[in-house]
Each structure stands twice: as C-alpha cells, then as structure tokens.
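Biologist: Could you take me through the charged pairs of this protein, and show me where they sit in the fold? I would enjoy a slow, close look.

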Amino acid sequence: MATHRIGLLTGGGDAPGLNAVIRAVVKHAVGGLHWQVVGSEDSFDGLLSDPRRLVNLSPVSCQGLLHRGGTVLGTTNRGDPFVYPSADGTPVDRSAELAATIEDEGLEGLIVVGGDGTQRIAHRLMQTHGIPVVGVPKTIDNDLAATDFTFGFWSAVEVATEALDRLHSTAESHERVMILEVMGRDAGWIALYAGVAGGADCIAIPELPYDVDRYIGKIKARRRRGRPFTLVVVAEGAFPAGFDPGSTAPHAFNGGAGHHLGKLIRERSDAEVRVTVLGHLQRGGGPIPYDRVLATRFGVHAVELVRNGQWGRMVRLENGLITSVPIDEAAGPPRLVQTDHPLIASARAVGIELGVKV
C-alpha cells in the first residue's frame, strides 16, 4: 500500500520541460518509492470540475515525456480557485470547495508546478485552508527571484538564437534592418541572452527605456563600415524613453514593441525594416538538454521535500545546487536585469547598442 498519495498539477503558461518535471516526480515517487501520484488536469480546474478530471499517474503513463513539449496534464491561466469564473463570468471563491475535494480524494498535499501567479495561489491555499503544498518554479521569462534559472528559459533562448542566425543571412542579402521580438514583458533576459548569443547589433529590454536615435546611430555607423544591415532584438515589454508604461502596455501599442520600434526607425531613417515576432514559437517544442536535466532535478527534489515533510517550500537552483526556499519567496517582486549585470557589460564590450548611454 502506498505510504503517500499526492496531487500534481501544472499551471500558468506552458514551457518546455513541464513534462520532464511530471516524469521525474512520477518515476521517483511511484516507480521508486511506491507512492500514488494523482494528476489534476488543467491546473486546479481538474479538482473543481464535475466530474473531477483526475488521472492516476504511473511510470508507464510517463513514457516518452522527457523530450516532449507542453504538458500532458494541461494548463490554464484562468483557474484561480479564489476568483474562479462562474457560468455568468462573475468570479467566485471556490477555494474551500477545492480544499474539501483534496480531503475527499485522500491527497496528502499538492506539488504545484508554475510561475509566480501559480505559486502565489498555492501559498494562499496553504495559509487559508492548510493545504500542504510544494512548489516547482516555471517561467519562460526567467524572472523569478528565488531561483537562478527556470526550466524552459534556455530552450526559449535557443529558439530566439536560431531565429537570429536565420535572419542574419536574409538581412545581409537584402541590406535590411531585421527586428526580432521575443518574450519578456517585465524582464529582458531572453532578449539579452539571445542577443549576445545570436550576434545582434542592438538589444532593447524593458529595464532600459531606449533612445531610438542611438539605434539609428548604430545603423548608420554599420553602413559606413560596409555593413549595410542590422539585427535588433526587442523584448515584448521594451519601450522608448519618455513613454509611460503605466498608460499602455508596451506589448500592446502599434502591434507590439517590435513593430513600434520598427516604425520609429522608419520615421527617422531610410532603412528598410522588417519585423519578426516569435511569440509562442518560444514556448513550443521539446526542451533542450539543459532544461531536461534541470526539470528532472526539480521534480526529484520536489518529491524529496514531500518525503521529508518539508511542505510550504519551493525548489530552486542555487549556484548549481538544487535547494529550496519558503514558497512565499516565489511570490515576491520579479527578478529584472540590473544595469550592472555582467552580461550587460559584455554586450557593450562587443559593440552591442542597448539604446542608452553607458
């Protein structure tokens, strides 16, 4: 007989590596420790649906998941049990019902895989209803302050870098300014890392409101050196200096941050500009090896936290080691790119224009 019966769910946006976490939890908990793991489909929705959408997970059901993108359990951004949408769209608090379902199913607690929003819900469930939870951090943007890196981030960087490699040849052939918009509403980690890895000439991130004239200067300087094309990476949350991001979300104006910067460059130069928006291509597909390994380590450590009775904690990567922190630390302010980050200095050292004065 199983000594533990735990729930497992994935919430928020999908990211390469979610299935690898599921696989690791199940292989360690069920295959190794002979526990029971019950998956809740579409985040918390599976526990609140009538009938309930729960699935008993086994090592056999997790075959082939390591390299597979997405999440076999499904996910949603709209499943907060504290403000759950009713039939007429009015939000209602169904958290007590969720707690009753967890008790009725005989679940000792939940392993919750998700970003800051999902971890915030998990922490509130623990505080309000005493539901034991263990968190596993997930965000494409890599903006959780509680962990050095999150799985899925490096896969997104690889997709963006490959896109830059491909745009480089067509930009050079047609002597164009090629703008690549990547994810990052609040934090510019993907844009910064992919920009350096892909040989971008200019990078725009939310943390550094840009002066478009500096990009124009870079374009012209390259032309004078016989390089009549330019590659620009723009985070979706990037915006020009003087713009009030509180009035309009940067990713929403003029078709997006990339198109907005393209419009500004066209207005101030004779450059032929093309914009590519990667969007959900960064989320799709299987995880690269690094993310497969990190997700596996996260999943195994989550089970170990349960095994040791360390509920209320979230796993994290810290200086190469997998440790844990109180789950409320995941709900703190996002980790943004600091102006003194070493990669900012490296980018400038190789001539990348960041749109701001050094």
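Biologist: How many salt bridges does a search of the whole structure find?

Modeller: Happy to! Please keep in mind that this is a predicted model. A search through the whole structure turns up 20 salt bridges. As a reminder, side chains of opposite charge can pair when their charged atoms come close.

Let's start with E105 and R5, whose side chains form a salt bridge with an N to O distance of 3.5 Å. R5 belongs to strand β1, while E105 is in the loop between α3 (95-104) and β6, so this pair ties together parts that lie 100 residues apart in sequence. R5 has a relative accessible area of 22%, and it counts as partly exposed because the cut-off for buried is under 20%.

To place R5, it helps to look at the sheet around it. Seven strands make up an open sheet with mixed pairing, in the order β3-β2-β1-β6-β7-β12-β13. Its edges are β3 (54-57) and β13 (321-326), each of which pairs on one side only. From one strand to the next, the twist averages 30 degrees. In general, strands of a sheet pair through backbone hydrogen bonds, either parallel or antiparallel. Here, strand β1 (residues 5-10) runs parallel to strand β2 (residues 36-40), and four bridges join the two. One example is G7, which has V38 in β2 as its bridge partner. Packed on this sheet is helix α1 (residues 18-32), which touches β1, β2, β3, β6 (110-114) and β7 (133-137). The direction of α1 makes about 155 degrees with that of β2.

Next comes a pair inside one helix. R166 and E162 both belong to helix α5, four residues apart, which is about one turn of the helix. Their side chains meet in a salt bridge at 3.2 Å, N to O. What about their surroundings? R166 is exposed, with 58% relative accessible area, whereas E162 counts as partly exposed at 41%.

The same reading of accessibility gives another answer for S155, which is also found in helix α5 (residues 153-174). S155 counts as buried because its relative accessibility is 3%. Leaving aside residues up to four places away in sequence, S155 touches P16, G286, P287, I288 and D291.

A third pair is R268 with E267, whose side chains meet at 3.7 Å, N to O. That distance still counts as a salt bridge because the cut-off is within 4 Å. R268 has 40% relative accessibility and counts as partly exposed. E267 is partly exposed too, with a relative accessible area of 48%.

Now back to R5 and E105, since they have further company. Salt bridges with shared partners link R5, R52, D104 and E105 into one network.

For completeness, here is a word on internal space. There is one cavity of 30 Å³ or more in the structure, and the largest cavity holds about 40 Å³ of space. Its lining includes the charged residues E175, R176, R223 and E272. Also among the lining residues are V177, I219 and F229.

Definitions and conventions:
Residues numbered from 1 in each chain as written. Predicted model: local features only at pLDDT ≥ 70, side-chain atom pairs only at ≥ 80, totals over all residues. Heavy atoms only, no water. Pairing = 2+ DSSP bridges. Axes fitted to C-alpha atoms, helices over the stretch in contact; angles between N-to-C directions. Contact = heavy atoms within 4.5 Å. Buried < 20%, exposed > 50% of the residue type's maximum accessible area, 1.4 Å probe, protein only. 1 Å grid on protein atoms, 1.4 Å probe; cavity = no way out; pocket = protein on both sides within 12 Å on 5 of 7 lines; lining within 4 Å. Points joined across faces, edges and corners; volume = space filled by probe spheres on them.
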